[in-house]
Amino acid sequence: MTTSRKIEPLPQDDDAIRKALKDAHLPSLLPALAQITGDLSLLRNDLMPDTALLTDPQGGLPPEKQTEAQELAFKTLAAWRDAGSVVADIPTHSEVRRMMDYLIGEHVSDEYLPLLLEELAFADIDARAPQWHKETINPGRSLRVVIIGAGMSGILAAHRLNQAGIPFTVIEKNEDVGGTWFENTYPGARVDSSNHAYSYSFAQKFDWPYHHSPQEVLLEYFRNCATDFGIRENILFNTEVLAATYDEARCIWKVSVRNANGREEKIEAEAIISAVGQLNRPKMPDIEGLSSFKGPSFHSAQWDHEIDFKGKAVGIIGTGSSASQFIPHLAEAAREVQIFQRTPNWYAPAPNYHERVADGFLWLLKHVPTYAQWYRFWLFWAISDGFLPMVEVDNSWKPGDAVTGKGNRQLRELLEASMRKQLATRPDLIEKALPDFPPASKRIVVDNGTWPNTLLKEHVHLITESIEQITPRGVRTEGNNEHPLDILVFGTGFQASKFLTPMKVTGINGVDMHEQWDGDARAYLGITMPNFPNFFFMYGPNTNIVVNGSIVYFSECEAQYILECLRFLLDSGTQAIDCRAEVHDAYNERIDAGNLKRAWGVSSVPSWYKSDSGRVAQNWPFTLLEYWQQTKQIDPDDYILT
Ligand code: N01
């Protein structure tokens, strides 16, 4: 069972404990030991991680201190085992805070504490679960919900509705759950944030085989979640939503779907949750001659596993996160690899990117209660709001500057030094691969050295001349340069800013959702929009996070808010809530101003963070805390009530 965290008893074998401790993540082990023993004196000042080095695997603890911490952990664990392995009472909030303070090396403020307690999910308490049930609030009221999509967000929404006793149907176009993890099967596909953090807070799993697990492991996790949550029988697979139309007189959404037999059907519901994701519709480039290529060609999200690359000349258009993952695999087999790069990337060094979780570490997660939660907490904090200053735009910034401010300069220096070092033997590649724009203008690609090592291979060529045409035999770049190819792969990304494409969604007075957006998707809290009553988005406009946090966290906040809206409908007898235009507009003005204070908002480099108009339609510019606070509950004054 995916979500199980069954702890196994510590063995009598002291050597086994000592051996495992060599692989321990010590900064998060000591709070776990303090918690299970109730002995907070274990959190010694001299063994405290260094705040400035949070992303260091051992929090900057020097080797002699690591040895001391290991010895302390050994003695504590052995004594705890010998005394009967009794876990101390759940700590008080002030004790938990003391442990948090120790782990992150600073005082956790009052406002962050409740958020962090939720994330920790001690004693398997799912604090974000609805603490109410439809039957006890308004059993007679019809409140059916259609969820569109059974990926990470859709599974979560279904689970929450199930917990609240609200009837729901999930419409999924694929034959199974998983969304992006079902569709993207290209070689090398893996999660680029740590999967101990990229998982539901209430369904944590300690036995991830890798720090960044491959696609098939993530897919299995989401498949198992769907089964464990008991939502599978509510999912209509191989069924695609074509349109949704609001019937104002009845306050009902009529959803047109094409079912598994190809027939069109209508489903009625009082509310819709769109959980279609932002990165689910492949984007093919607008290049002359696109379809003229005679050899095999396909997009990374529609990988053709029949194709053998061995001995072939392969061309790849695009160098984003997807391409950076699959190109190294193609380079293993292909005779020649031609990479067509339009814009270079910044690469964030992640030494454990392809690493298996060490045996000893896994052993400790299995044998030490609460260790997995504290490790997840560490990851959550290490990639949290503390990163925002690195992407801030100073007042002195002007277009063309290579950095946006002081923090961004530090980030640039770090990333540039790493790239220069890795490509030191090839100044020509440094010239081509080193961006001249500020880091975080577009998505920073995660890498462990695989990308530069691939570029350094003799049969791999990084081509930066712009593409003029795709021809039957290959690609022609400026200056009439022909690049003959056997196979052409598009790593050209997704239609991220075209939310809900190609569905037709019609709201009050026949207004079309895409026409209302006019190419520039906006929503209030990324969740609701005027004229579309009881229509909720998950991972909607401006809810993507760039450097701080995990997208699962955002989806959990959105689910919390949507459930609060549904509770309001049940509680108040209101038929429908429709976001007030002035609330929506004021909110979006603030979002736009916020994004203009971030590197991705001021930079002119192309990125999927922006709509065609150049507005940042995807990203959330503020703290994780702020989104959590804003989505905790609904303010009815934000809505026109029917
Ligand atoms: O897509 P992208 P992606 N001519 O849009 C190029 C997530 N993800 O699939 O930069 C030439 O980033 C384009 O060039 P440019 C992750 O959030 C996650 O790689 O626009 N080139 C760019 O190089 C990621 O950010 C994981 O100039 C053209 C590339 O194609 C998001 O998905 C793994 C072109 C597109 O890059 C999208 O990543 C993979 C043209 N006409 C992805 N049009 C995880 O680890 C486009 N390009 C979870």
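Which helices do the buried residues of H11 pack against? In this predicted model, the buried residues of H11 pack against three partners, namely helix H1 (14–21), helix H3 (63–82) and helix H12 (371–382). Helix H11 itself covers residues 359–367, and its buried residues are Gly360, Phe361, Leu362, Leu364, Leu365 and His367.

To place this helix in the whole protein, it helps to look at the domains. The domain assignment gives domain 1 as 14–127 + 358–385, domain 2 as 142–281 + 496–640 and domain 3 as 282–345 + 442–492. Each of these domains is thus written as two stretches of the chain. The centres of domain 2 and domain 3, taken over C-alpha atoms, are 32 Å apart. Between these two domains, 16 residues of domain 2 are in contact with 16 residues of domain 3.

The next topic is the ligand. Where does the ligand lie with respect to domain 2 and domain 3? Both domains give residues to the shell around the ligand, so the ligand lies between them. The shell holds 25 residues, of which Arg190, Ser322, Thr343, Lys442 and Trp608 come nearest. Sorted by character, the shell is made up of ten nonpolar, ten polar and five charged residues. Helix H10 (residues 321–333) gives the most to this shell, contributing three residues.

Some of these neighbours can be described atom by atom. In the side chain of Thr343, an N or O atom is 2.4 Å from an oxygen atom of the ligand. With Arg190, a backbone N or O atom lies 2.6 Å from a ligand oxygen atom. For Arg443, the distance between an N or O atom of the side chain and an oxygen atom of the ligand is 3.5 Å. As for how well the ligand is covered, it exposes 920 Å² when taken alone, and the protein buries 87% of that.

A final look goes to a single residue, Ile272, which is found in strand E7 (residues 271–274). Is Ile272 buried or exposed? Its relative accessibility is 0%, so Ile272 counts as buried. Leaving aside residues up to four places away in sequence, Ile272 touches Val146, Ile148, Ala244, Trp253, Val255, Asn534, Phe535 and Phe536. Val146 deserves a second glance: Ile272 and Val146 are 126 residues apart along the chain, yet their C-alpha atoms are separated by 4.8 Å.

Definitions and conventions. Residues are numbered from 1 along each chain as its sequence is written. This is a predicted model: local features need pLDDT of at least 70, side-chain atom pairs count only at pLDDT 80 or more; totals for chains, interfaces and linings use all residues. Side-chain values use heavy atoms; hydrogens and water are left out. Buried means under 20% relative accessible area, exposed over 50%, partly exposed in between (1.4 Å probe, protein chains only). Helices (H or I, at least four residues) and strands (E, at least two) are DSSP runs, numbered from the N terminus. Contact means heavy atoms within 4.5 Å. A residue is near a molecule or strand if one of its heavy atoms lies within 4 Å of it. A polar contact is a pair of N or O atoms within 3.5 Å; within protein, one must be able to donate a hydrogen and the other to accept it, and residues adjacent in sequence count only if both atoms are side-chain atoms. Accessible areas come from the Shrake-Rupley method with a 1.4 Å probe; for residues, only the protein chains shown count as cover. Ala, Val, Leu, Ile, Met, Phe, Trp, Tyr, Cys and Pro count as nonpolar, Asp, Glu, Lys and Arg as charged, and the others, Gly among them, as polar. Domain bounds come from an automatic or database domain assignment.
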